[in-house]
Amino acid sequence: DAMAGPTQVGALILGGAIVTAGVYMLVRSTVLYHASDKACFVGAIIGASTAIVAGFIAAGQWDIKRVLAYSTISQLGFMVAAVGVGAYAAAMFHLVTHAFFKALLFLGSGSVIHGMEHGHHHLAHAGHAHDHDDDFDPQDMRTMGGLRHKMPRTYWTYLFGTLALAGIIPFAGVWSKDEILLDALKEGVDNDRLEGYLAFALLIMGAGFTAVYRWRQMARVVLGRA
């Protein structure tokens, strides 16, 4: 809820603090995880389950910031799952890449919200507002569309952030996310660990949900008709 708030700076601070503190603490505790197979199994399953469930929830949101908030939770799941399968470097790698392209998306959403508020006020002053406009929500994606024509710079930066989060080559997300998937599969094949196979299967589906909710938001916000 906090990350879905109207202030993009607050969202960035909260998202950065939560992600950095939690994942960094887990990676610093590698000696404990390495000594306990049960802890690794639990961490991998909880992380992978979080990735797919949060991605599923993000795909059903209408608030532009709330989609990104649940997306952050989903990507946290990827990082925690990586720790569970012993891919500590991959977890930190995804932490860093995610920080940059998610910051880009949060700032882009802030730009969209500001533009929606400005446009609504302009219509109100021009005498085109209706009674029900008092309930206007500048974060509701159902009131958006075609913003690529009005906000071309935001469109291109938002597109780059989307491609990175969805794991499209050559953007940063594909390298860190694929490393997590590869390490999870490797843990299952090379070491015959059940959590490796389970994490790989769940994370593949989670990655699919990432592409779905990202392109759904792109279609609703900057593509389509105004």
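Helices, here runs of H or I in DSSP of at least four residues, and strands, runs of E of at least two, are numbered from the N terminus. The structure is a predicted model, in which local features need pLDDT of at least 70 and side-chain atom pairs count only at pLDDT 80 or more, while totals for chains, interfaces and linings use all residues. Residues are numbered from 1 along each chain as its sequence is written, and side-chain values use heavy atoms, with hydrogens and water left out.

## Overall architecture

The protein has 9 helices and 0 strands, and its pattern along the sequence reads α-α-α-α-α-α-α-α-α. Buried residues (under 20% relative accessible area, against over 50% for exposed and in between for partly exposed, with a 1.4 Å probe and protein chains only) make up 45% of the 226 residues of the protein. Contact is taken as heavy atoms within 4.5 Å, and among contacts with a separation of 6 or more, 78% join residues 24 or more positions apart.

## Helix 3 and its surroundings

Helix 3 covers residues 37-58, and because the expected span is 1.5 Å for each residue after the first (1.5 Å times one less than the number of residues), its 22 residues should span 32 Å, which agrees with the 31 Å between its end C-alpha atoms. Its buried residues include Cys-40, Gly-43, Ala-44, Gly-47 and Ala-48, and further along the helix Ala-51, Ile-52, Ala-54, Gly-55 and Ala-58 are buried as well. The cover over the buried residues of helix 3 includes helix 2 (30-34), helix 4 (64-84) and helix 9 (194-221).

## Three helix pairs

Two packed helices are described by the angle between their axes and the distance between the axes. The axes are lines fitted to C-alpha atoms, for helices over the stretch in contact, and the angles run from 0 to 180 degrees between N-to-C directions. The table gives these values for three pairs.

| Helix pair | Axis distance | Crossing angle |
|---|---|---|
| helix 3 and helix 4 | within 7 Å | roughly 160° |
| helix 4 and helix 9 | 11 Å | about 160° |
| helix 8 and helix 9 | within 7 Å | roughly 155° |

Angles under 35 degrees count as roughly parallel, over 145 as roughly antiparallel, 65 to 115 as roughly perpendicular and the rest as oblique. Helix 3 is therefore roughly antiparallel to helix 4, helix 4 is roughly antiparallel to helix 9, and helix 8 is roughly antiparallel to helix 9. A crossing is left-handed if the near helix is turned anticlockwise from the far one by less than a right angle, and right-handed if clockwise; helix 3 passes helix 4 in a left-handed crossing, helix 4 passes helix 9 in a left-handed crossing, and the crossing of helix 8 and helix 9 is left-handed.

For the residue classes, Ala, Val, Leu, Ile, Met, Phe, Trp, Tyr, Cys and Pro count as nonpolar, Asp, Glu, Lys and Arg as charged, and the others, Gly among them, as polar. Where helix 3 meets helix 4, the residues include Gly-43, Gly-47 and Ala-51 on helix 3 and Ser-71, Ser-74 and Gly-77 on helix 4, and this contact divides into 13 nonpolar, 8 polar and no charged residues. The contact of helix 4 with helix 9 includes Ser-71, Gln-75 and Phe-78 from helix 4 and Ala-207, Tyr-213 and Arg-214 from helix 9, with 9 nonpolar, 6 polar and 1 charged in its count. Between helix 8 and helix 9, the meeting residues include Lys-177, Leu-181 and Glu-187 in helix 8 and Gly-196, Phe-200 and Leu-203 in helix 9, and by class this contact has 11 nonpolar, 3 polar and 2 charged residues.

## Individual residues

Glu-187 lies in helix 8 (residues 172-191) and counts as buried, at 14% relative accessibility. Leaving aside neighbours within four places in sequence, Glu-187 is in contact with Val-85, Asp-192, Arg-193 and Gly-196. Asp-192, in the loop between helix 8 and helix 9, is exposed with a relative accessible area of 63%, and it has a positive phi of about 55° although it is not a glycine.

Ala-91, in helix 5 (residues 88-125), counts as buried at 0% relative accessibility. Apart from neighbours within four places in sequence, Ala-91 is in contact with Val-23, Val-27, Met-79, Ala-82 and Val-83, and its C-alpha atom is separated by 9.5 Å from that of Leu-26, 65 residues apart along the chain.

Pro-170 is found in the loop between helix 7 (152-166) and helix 8, and the peptide bond leading to Pro-170 from Ile-169 is cis, with omega near 10°.
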